[in-house]
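Subject: Structure for you to look at

Hello,

I am handing over a structure that you have not worked with before. Please open it first; my notes on what was found follow below.

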Amino acid sequence: MPVRQLPEQVVNRIAAGEVVERPASVVKELVENAIDAGASRVDIFTDGGGRRRIGITDDGSGMTFCDLALAVDRHATSKLDDEDLLQIRTLGFRGEALPSIGAVAKLGITTRHAGEPHAWSLVVEGGEKSAIMPAALSQGTRVEVSDLFYATPARLKFLKTDRTEAEAIREVVRRLAMARPDIAFTLAGEERAPVTWAAALPGAAGRLTRLGDILGSDFRSSAIEVRSEREGVTVEGFAAAPSLTRANALGQYLFVNGRPVRDKLILGAVRAAYSDYLPRDRHPVVALFVTTDPQEVDANVHPAKTEVRFRNAGLVRALIVHALKDGLAREGKRTAANTDGSALSAFRPAFAPSFAPRPGNWDWRASPAYPARPMPSFDGAAAQAFAEPGQAAFDVGTPTADVRFEAQPSADLLDRPLGAARTQIHETYIVSQTRDGLIVVDQHAAHERIVYERLKASLAKNGVQRQILLIPEIVEFDEATVERLLDRAEELATFGLAIDTFGPGAVAVRETPSLLGKANAAGLLRDLAEHMAEWDEALPLERRLMHVAATMACHGSVRAGRRLKPEEMNALLREMEDTPNSGQCNHGRPTYVELKLSDIEKLFGRR
């Protein structure tokens, strides 16, 4: 078959396949055009998940007659200065959106520029343009898209249900609304009730207001402001405390120069910053905004413009990790049990009367609660004799649980953040009293975080101090595991764990970190071997070292089941107050639960 030039209509439909993937792509391109036009309000309406109709109205600058005539031609744009792709300061710049939409759908544009006597309208169907006609519109632009993909039936068959497509549109608008809190957005359609996000005030407060409106009040209450800046790159935004997590990474919103993007570099940096706070199967909720010189970032990676490339990717990653870690360290005492009401909601009455309807022939005398024999009757004297010892049983008694009460604490201890230790129950939990409530501390989880932070501090200064074992401990493994451990021997030595080969199927532990005291070297090494089996060379050295430190901290901390003296309990509370990130253990679990007096009074109906 000879080489030939494809017709323009076919070329446009092929190009449209890259830009217009689904109705949400159309909404994204049109709303970005409205934002670039300087709109202060954008209204979006959809029908049939955007398949039947999409309507976008804005109050932006609009287009003149000549601009409208060119706007639907391929690669015609007003957003590039001197054809320089390194100075992109707008969301759109490729000049592909309107001609691509017009090639696969019925496109109608009505627009009015301030310098025109009236509005103008243009219709494009399947790539065919109509004549430009006068129209009525006060200001801005109104774009109508109907019968999407009627010109490409194959693409139409791959669309999801109306509800699914409508949800994809909603997600696109949410991201754009988060990027521009200064613009009011309204999203309506047959698939949903109208949603309006009013324009917010400039600054961090306005941004948090918009994020709270979109992500919910739980994000607003747990949001931590983060900011970091260096070499002309600024990272700012809000990150949820470790108490608010998701089962996937869909709650992570990233923006570069006001453009919503999905970037693996940034997602990896977020994961690294939260590695010390969350369980492996949970993900944080963040909204981060990266601002840099347009010359330092390439937005022309993909026609959808959802991917970017940074000139100095290492700097951006370092700033994100620093900003998040700094913010989380400031709010390190927030825990999952204390910020979302889960502690209070966990307390429920042990029993409740049942009010279920009884069958008509039910005899209450047949109930198991009804005694089989008649109850004895008491006269006045007998009743008094029965009541006195019964009352005494309530007046004097001994605790049935393992509880040891301490003397009344001093006033200065009650004013400390974690209060004064009053008792230890089940040899696992410390109960302390504060001025306005009580706190229950998981002694193992709390001490685990303390040991972990000490290990990190020692590593940052001059290395972890070691203690030489009088008799090396021999631990047996299979040969593959031995090789894996010996390959990481240098990394383990960084944390004071010195190992050496002891034949083909064993490892000798010669030194352990002095910070761990009398650690179970065999158990520690087995746990480390299990973790290393999941590592690969792509995992950064820093992450691998933190895994080692976390495992060591777990083995070197106070175990559940150990009795503590009052002074030991108070010392642990004071160390928690002085330790960063003490609200969670290394695995992301809360270290303590706090109940205010007002919460306790609610439980007992006093409020």
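Two strands count as paired here if DSSP finds at least two bridges between them. By that rule E4 and strand E6 (residues 133–135) are an antiparallel pair, with three bridges. Please keep in mind that this is a predicted model.

The chain as a whole

The chain has 607 residues, and 45% of them are buried. Its secondary structure consists of 20 helices and 25 strands. If one takes the contacts between residues at least 6 apart in sequence, 69% join residues at least 24 apart. The accessible surface is about 31,500 Å², and carbon and sulfur atoms account for 54% of that.

Around strand E4

Strand E4 covers residues 119–125; five of its seven residues are buried, so the strand is largely enclosed by the rest of the structure. In its pairing with E6, alanine 119 is opposite alanine 135.

E4 also pairs with strand E3 (residues 106–112), again antiparallel, through six bridges. These two strands make a hairpin, and six residues lie between them. Leucine 107 faces valine 124 of E4 across this pairing.

A further antiparallel partner is strand E5 (residues 128–129), joined to E4 by two bridges. Here glutamate 125 is opposite glutamate 128. E4 and E5 form a hairpin as well, with two residues between them, and glycine 126 in the turn has a positive phi of about 60 degrees.

The nonpolar cores

The largest nonpolar core holds 60 residues; those touching the most other members are Val31, Val42, Ile44, Leu107, Val145, Phe185 and Phe219. Helix H6 (residues 162–179) supplies the largest share of this core, eight residues. Leucine 107, which was mentioned above as the residue opposite valine 124, touches a set of residues that includes Val72, Leu98, Ile101, Leu122, Val143 and Glu144, leaving aside residues up to four places away in sequence. Another core, of 33 residues, lies apart from the largest one and has Ile88, Val233, Tyr277 and Leu315 among its members.

Two open sheets further along the chain

One open sheet has four strands in the order E19-E20-E21-E25, paired antiparallel. Strand E19 (420–425) and strand E25 (592–596) are at the edges; each has a single partner strand, so one side of each has no neighbour in the sheet. On average, neighbouring strands in this sheet are turned by 20 degrees against each other, direction ignored. Strand E21 (residues 437–442) is joined to E25 by five antiparallel bridges, and valine 440 is opposite valine 593 of E25. Helix H19 (residues 566–578) lies across E19, strand E20 (429–434), E21 and E25, at about 120 degrees to E19.

The other open sheet has three strands, in the order E22-E24-E23, also with antiparallel pairing. Its edges are strand E22 (466–476) and strand E23 (498–501), each with a single partner strand, so one side of each is left free of a neighbour in the sheet. Neighbouring strands here are turned by 20 degrees on average, direction ignored. E22 and strand E24 (residues 506–513) run antiparallel and share seven bridges, with valine 475 opposite valine 507 of E24. Helix H15 (residues 479–487) lies across E23 and E24 and runs at about 135 degrees to E23.

Regards

Terms used. Residues are numbered from 1 along each chain as its sequence is written. This is a predicted model: local features need pLDDT of at least 70, side-chain atom pairs count only at pLDDT 80 or more; totals for chains, interfaces and linings use all residues. Side-chain values use heavy atoms; hydrogens and water are left out. Axes are lines fitted to C-alpha atoms, for helices over the stretch in contact, and angles run from 0 to 180 degrees between N-to-C directions. Contact means heavy atoms within 4.5 Å. Buried means under 20% relative accessible area, exposed over 50%, partly exposed in between (1.4 Å probe, protein chains only). Accessible areas come from the Shrake-Rupley method with a 1.4 Å probe; for residues, only the protein chains shown count as cover. A nonpolar core is a set of buried Ala, Val, Leu, Ile, Met, Phe, Trp, Tyr and Cys residues joined through side-chain atoms within 4.5 Å.
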